[in-house]
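The following exercises concern one molecular structure. Please examine the sequence and the model before reading each worked solution.

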Amino acid sequence: MHRLNLDKLRLRSDDPATAVAAWRDLAAFSIEPTLGDQLLRFLTAEAMLQHHATTALEFSRQLLAGSNATFADQLQHLAVLHEARQADLPAFLSCLVESSGTNVAQISQVAIWMIGHEHLEAAREWLARLPPRVRRTMPLPVVEADCLVALRQWQTLRGHLNREKWRELAFLQYAYRSLVAEEFGELEGAMGYWNSAVREASGQLAALRMLLALANNWQRATARQELLWAIATRFPAEKWAYLELRRNYLVTGNTRGLCRLYGALYNSNPTDLVLKNNFAATSLLLNANLPLSHQLARELFAAAPQAPIPVSTYAY
């Protein structure tokens, strides 16, 4: 195991000879009964990461030839065939579609891959001919909506969205309705549907993150900022949202936005000295919240009279 871990590190070596020796050593290890499958998965993924498509194809074929190959291994092989531009990709994809049967999880994964790799019409036809019970099972209605968005079949998508309620994913249904309305020039309706989506997702971190992904994909800058704001203020532990929102405000020179963000975060965590200082400093720059800003700056200075930043804020 120590040799394995060392070789995994050496794969990334800047010295070509060291990297080649590591590949050779790991390939030899892949025949070990207890480590072979796991190691072949790693080697395939690593070869793909380093854009060695031919090497990835070799390892992936070895993995599929074994008796312990999983559906995930087959899906990875599909990606390898695409990267290596292999002529047998359509045949393997057809086999994967056929073997998925009525397994919703497998259908979803294969269809998502197809949508992302320019097999849109084939994905659309496959999803349309699934048994109604399977086709209605989540997350397939969402996958089908993504396919119709990629195909820009807005009228068909509207019918798909009106077919039945998505229940626990109602917020996504509202979001897609918003996109359809926008594409048809129904701007007021689009805004109403989007607001309903955010309202349905309110208080659910996972739901808000899904809406954020859609806002990114659909290039809705204002919606993206509002969702980041909602996540940062309602879920202070999600530091990534706070950092991304702060980055946006810094890049655009939006001091008022920074002050609002720092103020909300400080109110949720008044013992955080950094937030306390940032709220006081941005408030002073805006000539806002002055009585409170003076008080906070004084408290910061009293707590750390030798620290440069609190001293600077107090001096200002």
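**Exercise 1. Determine whether N248 is buried or exposed, and identify its contacts.**

Step 1. The relative accessibility of N248 is 14%, so this residue counts as buried. Buried denotes a relative accessible area under 20%, exposed one over 50%, and partly exposed one in between, with a 1.4 Å probe and protein chains only.

Step 2. N248 belongs to helix α16 (residues 239–251). Helices are DSSP runs of H or I with at least four residues, strands are runs of E with at least two, and both are numbered from the N terminus.

Step 3. Leaving aside residues up to four places away in sequence, N248 touches R224 and L228. A contact requires heavy atoms within 4.5 Å.

The model is predicted: local features need pLDDT of at least 70 and side-chain atom pairs count only at pLDDT 80 or more, while totals for chains, interfaces and linings use all residues. Residues are numbered from 1 along each chain as its sequence is written, and side-chain values use heavy atoms, with hydrogens and water left out.

**Exercise 2. Describe the span of helix α12 and its surroundings.**

Step 1. Helix α12 covers residues 170–183, which is 14 residues. From the first C-alpha to the last it reaches 20 Å, close to the expected 20 Å; the expected span is 1.5 Å times one less than the number of residues.

Step 2. Of the 14 residues in α12, 10 are buried. Among them are F171, L172, Y176 and L179.

Step 3. The buried residues of α12 pack against α10 (140–151), α11 (154–162), α13 (187–201) and α14 (205–217).

Step 4. After α12 comes G185, with a positive phi near 80°.

**Exercise 3. Characterise the largest pocket and the second largest pocket by volume and lining.**

Step 1. The largest pocket holds about 310 Å³ of space. On a 1 Å grid over the protein atoms alone, a pocket is an open set of points where a 1.4 Å probe fits, with protein on both sides within 12 Å along at least five of seven lines; lining residues have an atom within 4 Å of a point. Points are joined across faces, edges and corners, and the volume is the space filled by probe spheres set on them.

Step 2. Sixteen residues line this pocket, and V142, D146, Y176, L214 and N217 are the closest to its centre. Two or more lining residues come from each of α7 (104–116), α10, α12 and α14, with α10 giving the largest share, five residues.

Step 3. The lining of the largest pocket comprises 14 nonpolar residues, one polar and one charged. Here Ala, Val, Leu, Ile, Met, Phe, Trp, Tyr, Cys and Pro count as nonpolar, Asp, Glu, Lys and Arg as charged, and the others, Gly among them, as polar.

Step 4. The second largest pocket has a volume of about 230 Å³. Its lining includes S178, E182, W194 and R220, and the largest share, five residues, comes from α13. This lining divides into five nonpolar, three polar and three charged residues.

**Exercise 4. Classify the aromatic pairs W23–F59 and Y176–W218.**

Step 1. The whole structure contains seven aromatic pairs. Rings of Phe, Tyr and Trp (its six-membered ring) pair if their centres lie within 6.5 Å; planes under 30 degrees apart are stacked, over 60 edge-to-face, and the rest tilted.

Step 2. The ring centres of W23 and F59 are 6.2 Å apart and the planes meet at 15°, so this pair is stacked. W23 is in helix α2 (residues 16–29) and F59 in helix α4 (residues 53–65), 36 residues apart. Both residues, W23 and F59, are buried.

Step 3. For Y176 and W218 the centres are 5.5 Å apart and the planes 70°, an edge-to-face pair. Because Y176 lies in α12 and W218 in the loop between α14 and α15, the pair ties together parts 42 residues apart in sequence.

Step 4. W166, Y176, W194 and W218 form one aromatic cluster.

**Exercise 5. Locate the cis peptide bond at P139 and give the phi of E118 and R152.**

Step 1. Most residues other than glycine have a negative phi, and most peptide bonds are trans.

Step 2. The bond from M138 to P139 is cis, with omega near 10°; P139 is in the loop between α9 (132–135) and α10.

Step 3. E118 has a positive phi near 65° and is exposed, at 76% relative accessible area. R152 has a positive phi near 60° and lies in the loop between α10 and α11.
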